[in-house]
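This briefing goes through one protein model by topic, for a reader who has the sequence and the coordinates at hand. Please keep the structure open while reading, so that each residue can be located as it is named.

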Amino acid sequence: MAAATVVAAGIGGGLITPSVAGAQDYGPSTCRQGYVWRVARASDLVCVTPQTRTDTANDNALAPDRTLPNGYCKQGYVWREAWGSDDLTCVTPQTRAQARYDNSQADDRRLAVRLWITSENGTLKVSGDHFNVNGPVRLVFSGAVNRSWTITATRHSGHAGGSFGFIPGFTGPCAPGNPNSRVRAVDLTSGRSTAYVPFVYCVRFD
């Protein structure tokens, strides 16, 4: 009787480093649903709420009136320091605190859509993070095995954004070989897709 078996290519037991996401839209700097770039300066791609981006633009416009000739801020204002000591835009203390908080949440808010595989007792496990939280994700297998599943990315401690760990049920021991299959994950809310991750899918005849 034939039994489908899988070995993750180049993977031992336990978690490995996620693969690099395929560049789509704005690549790893794309924000999760509900967030936009802050653009306190052109290269500021920290993901914040739309209201914070609007407030940031207003602060930039008002900065000259809040700044003394020597570069220091007038009473009641402080440097924003959104990207460190180079950001000398004068804002309220609350705004500076908000900028620091947004910086601390930046990785969690990015739609980097990462995917990696592990092997648990010879069973293939597909994991991912940086997806939209509580959003649908389609796992697409191709090559020697052609299947797809739609799962939900949810919150898990230690992983940014929506994440998952899915076992498709390819089980059994198998001798390692060259990768003949691959899998990618598509964030259905945004359409962003990961790069393909290769693995070995083989069939044993007993």
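Which residues does F164 touch, not counting those up to four places away in sequence? In this predicted model, F164 touches L115, V126, S127, G128, F131, V137, L139, I151, T152, A153, H156 and A185. The points below begin with the core to which F164 belongs, and then turn to a strand pairing, the salt bridges and two backbone angles.

**Nonpolar core**

- The largest nonpolar core has 22 residues, and those touching the most other members are L115, V126, V137, L139, F141, F164 and F199.
- Two or more residues of this core come from each of the strands β6 (114–120), β7 (123–131), β8 (135–143), β9 (147–153), β10 (162–166), β11 (181–187) and β12 (197–205).
- Among the contacts of F164 are L115, V126, V137 and L139, which are themselves listed with F164 among the members that touch the most others in the core.

**Strands β8 and β11**

- The strands β8 and β11 run antiparallel and are joined by seven bridges, one of the pairings being that of V137 with D187 in β11.
- Strand β11 is mostly covered, since five of its seven residues are buried.
- V137 thus appears in two settings, as the bridge partner of D187 and as one of the core residues that touch the most other members.

**Salt bridges**

- The structure holds ten salt bridges, and the general background is that side chains of opposite charge can pair when their charged atoms come close.
- One salt bridge joins the side chains of D44 and R38, with 2.7 Å from N to O.
- Both partners of that pair fall below the 20% cut-off for burial, because D44 has a relative accessible area of 5% and R38 has one of 3%.
- The side chain of E81 meets that of R96 in a salt bridge at 4.0 Å, N to O, and this pair links distant parts of the chain, with E81 in the loop between β4 (78–79) and β5 (90–91) and R96 in helix α2 (residues 93–104), 15 residues apart.
- E81 also forms a salt bridge with R100, at 3.2 Å from N to O; because R100 lies in helix α2 and E81 in the loop between β4 and β5, this pair ties together parts that are 19 residues apart in sequence.
- The residues of these two pairs count as partly exposed, with relative accessibilities of 24% for E81, 22% for R96 and 47% for R100.
- A network of salt bridges links R32, D108 and R155.

**Positive phi angles outside glycine**

- E81, described above for its salt bridges with R96 and R100, has a positive phi of about 55 degrees although it is not a glycine.
- The position of E81 is in the loop between β4 and β5, where its relative accessibility of 24% makes it count as partly exposed.
- N134, also a residue other than glycine, has a positive phi near 65 degrees and lies in the loop between β7 and β8.
- Is N134 buried or exposed? N134 is exposed, because its relative accessible area is 56% and the cut-off for exposure is over 50%.

Note on methods:
Residues are numbered from 1 along each chain as its sequence is written. This is a predicted model: local features need pLDDT of at least 70, side-chain atom pairs count only at pLDDT 80 or more; totals for chains, interfaces and linings use all residues. Side-chain values use heavy atoms; hydrogens and water are left out. A nonpolar core is a set of buried Ala, Val, Leu, Ile, Met, Phe, Trp, Tyr and Cys residues joined through side-chain atoms within 4.5 Å. Buried means under 20% relative accessible area, exposed over 50%, partly exposed in between (1.4 Å probe, protein chains only). Helices (H or I, at least four residues) and strands (E, at least two) are DSSP runs, numbered from the N terminus. Contact means heavy atoms within 4.5 Å. Two strands pair if DSSP finds at least two bridges between them.
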